[in-house]
Amino acid sequence: MSQVKIQSALISVFYKDNLAPIIELLKANGVTIYSTGGTQKFIEEQGAEVVPVEDLTSYPSIFGGRVKTLHPKVFGGILHRRDNDGDLGQAKEFEIPSIDLVIVDLYPFEETVASGAPEQDIIEKIDIGGISLIRAAAKNFKDVLIVSSREQYSAVELLLKEKNGSTDLADRRKFAAEAFDISSHYDSAIFNYFNEEEGLTKFKVSERQGKQLRYGENPHQEGHFYGPMDELFDQLNGKELSYNNLVDIDAAVCLIEEFDASENAFAILKHTNACGVAIGSDVKDAYLKAFAADTVSAFGGVLVSNQAINMAAAEELNKLFFEVLIAPSFDADALELLKGKKNRILLVKKQNLSAKKQYKSLLNGVIVQDRDLVTDQAADFKTVTKKEVTDAQKRALVFASKVCKHTKSNTIILATENQMLASGVGQTSRVDALKQAIEKAKSFNFELKGAVMASDAFFPFPDCVEIAHGEGIEAVIQPGGSIKDELSINYCDENDMAMVFTGTRHFKH
Ligand SMILES: NC(=O)c1ncn([C@@H]2O[C@H](COP(=O)(O)O)[C@@H](O)[C@H]2O)c1NC=O
């Protein structure tokens, strides 16, 4: 039976606003309306007759409204198959009326969570009867039209007008598909609430949770973001965040969180890689040192500080064209100055990232892994050369390793204990990464004598330590683990270089 003339409806909605025109249409078409407490009252106020659902079930609403529509007379009325003689016989036997239209608007679970309500209130806002009505009516879309949210009121109003109170199978199937979208989104929200403390380890998303972005990586691509942006940041200035902004912000935040709040750390990133990172005597000093590493790439970059931005730093930063600046806070005068450019995105970082898992889509699926939360510490260094590293070199190696971990593979970082001098990023060979770093360091007038070198993965050949030695680099950090480790170790021993192994590889793809 493709076309169904609606003769009866069950209406149970949380938000009653905008329901009136639908009631008017149902009334005009002589539809029998069944309804629950608050909705019944609202419909009666519109001048329409209502059969209280209690009259159908012969039960009052019980347990504070936890059970009101959950009854065979209601669910039988929705679910019995109109083209099945057995079902029709049973419906008659048990005096179950047909229900052709179900309109539900669920308890506002997500809004209640967002309001910071106590757990008890949140639990009471887990809709049971409403979600069951939605699923039942959507399952029996062959006979029943399901309206599963207040967002659909205008669409159903139009449909009832256009088709004179009837519906087609195609209409009912379309509304059923939307109903399962709504019910699965609702359950994902409940699931995420119960797993909140797991640091999103079992994070479930539904398309409805996504925030539409201006576009994706490029203007011809659509983009959405699924995540708790407002919990992490307050945006004080600038245009709406783009897909690429978000990707870079993530990279910037992951990098800066490597540094302790007692250090004045500053980083400048382009396309997720740092082109400058430094620790300074204050924020301004840290910024100037980071900027010095690559004054060209910094243009249009994403900047991040682990310290409040004061006026002295803001005056320097104001000279640079940048996309985003992230900091734990901004002094009032500094903010005033930086707001001078209206598109400049200024973000206050309110908390550290807590997610323990990382997701990426590929091959029509999703790949999930633990986030790389290992930070190489000097105490864990295993010196593999005859020459020991000095304390200053240890600090430089820790610094270089932190940057290395957050740079695209293959990577080589050249650094002192408080400044990245240059990096080779995303190269197909480690030697190329080193050559790129050396060339870059020289182009920005850095002296490499006495600097240290970090590599994200082991050296299969001694070529990298040979080249580094030629530039005056004296200490090296790498995970180790190549069957040819000895070749690099021997070269270092013969050339008075120190090398430490960490045992932890930090590939980043
Ligand atoms: N318990 C039930 O059997 C039940 N049946 C429908 N509801 C919900 O009750 C609300 C409407 O209640 P009222 O009409 O009393 O304002 C709707 O959001 C509907 O989704 C129920 N409430 C929660 O599960």
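These legends go with close-up views of a predicted model.

**View 1. A parallel sheet of 5 strands.**
The sheet is an open one, and its strands line up in the order 4-3-2-5-6 with parallel pairing. Strand 4 (51-52) and strand 6 (145-147) sit at the edges with a single partner strand each, so one side of each has no neighbour in the sheet. Look next at strand 2 (residues 8-13) and strand 5 (residues 101-105): they run parallel and are joined by 5 bridges. To get your bearings on that pair, find Ile11, which stands opposite Ile103 in strand 5. As general background, strands of a sheet pair through backbone hydrogen bonds, either parallel or antiparallel.

**View 2. Helices packed around the sheet strands.**
Helix 8 (residues 129-139) lies across strand 2, strand 5 and strand 6. Against strand 5, helix 8 runs at about 145°. Now bring in helix 4 (residues 72-79), where the buried residues are Lys73, Val74, Phe75, Gly77 and Ile78. Yes, a lysine is on that list: Lys73 is buried. What do the buried residues of helix 4 pack against? Their partners are strand 2, helix 3 (53-57), strand 5 and helix 8.

**View 3. The shell around the ligand.**
There are 21 residues around the ligand, and Gly37, Gly38, Thr39, Gly129 and Gly130 come nearest. Which elements supply at least two residues of this shell? They are strand 2, helix 2 (37-45), strand 5 and helix 8. Helix 2 gives the most, with 3 residues. Sorted by class, the shell has 8 nonpolar, 9 polar and 4 charged residues.

**View 4. Asp181 on helix 10.**
Here we zoom in on one residue: Asp181, which is found in helix 10 (residues 169-194). Is Asp181 buried, exposed or partly exposed? Asp181 has 16 other C-beta atoms within 10 Å, so it counts as partly exposed; the cut-offs are 20 or more for buried and 12 or fewer for exposed. Ser148 is worth showing in the frame too: Asp181 and Ser148 are 33 residues apart in sequence, while their C-alpha atoms are 9.5 Å apart in space.

**View 5. Where domain 2 touches domain 3.**
The chain is split into domain 1 (3-198), domain 2 (232-349) and domain 3 (378-501). Between the centres of domain 2 and domain 3, taken over C-alpha atoms, there are 27 Å. At the contact, 15 residues of domain 2 meet 14 residues of domain 3. On the domain 2 side, the elements giving two or more residues are helix 12 (243-256), strand 12 (273-280) and helix 13 (283-292). Strand 12 gives the most to that side, with 6 residues. By class, the domain 2 side is made up of 9 nonpolar, 3 polar and 3 charged residues.

**View 6. A hairpin from strand 16 and strand 17.**
Strand 16 (residues 357-362) and strand 17 (residues 365-370) run antiparallel, with 6 bridges joining them. Follow the pair to Lys357, which stands opposite Asp370 in strand 17. The hairpin has 2 residues between its strands, and Leu363 in the turn has a positive phi of about 45°. How many of the 6 residues of strand 16 are buried? The count is 0, and strand 16 is hardly covered.

Technical notes
Residues are numbered from 1 along each chain as its sequence is written. This is a predicted model: local features need pLDDT of at least 70, side-chain atom pairs count only at pLDDT 80 or more; totals for chains, interfaces and linings use all residues. Two strands pair if DSSP finds at least two bridges between them. Helices (H or I, at least four residues) and strands (E, at least two) are DSSP runs, numbered from the N terminus. Two residues are in contact if their C-beta atoms, placed from the backbone, lie within 7 Å. Axes are lines fitted to C-alpha atoms, for helices over the stretch in contact, and angles run from 0 to 180 degrees between N-to-C directions. A residue is near a molecule or strand if its C-beta atom, placed from the backbone, lies within 6 Å of it. Ala, Val, Leu, Ile, Met, Phe, Trp, Tyr, Cys and Pro count as nonpolar, Asp, Glu, Lys and Arg as charged, and the others, Gly among them, as polar. Domain bounds come from an automatic or database domain assignment.
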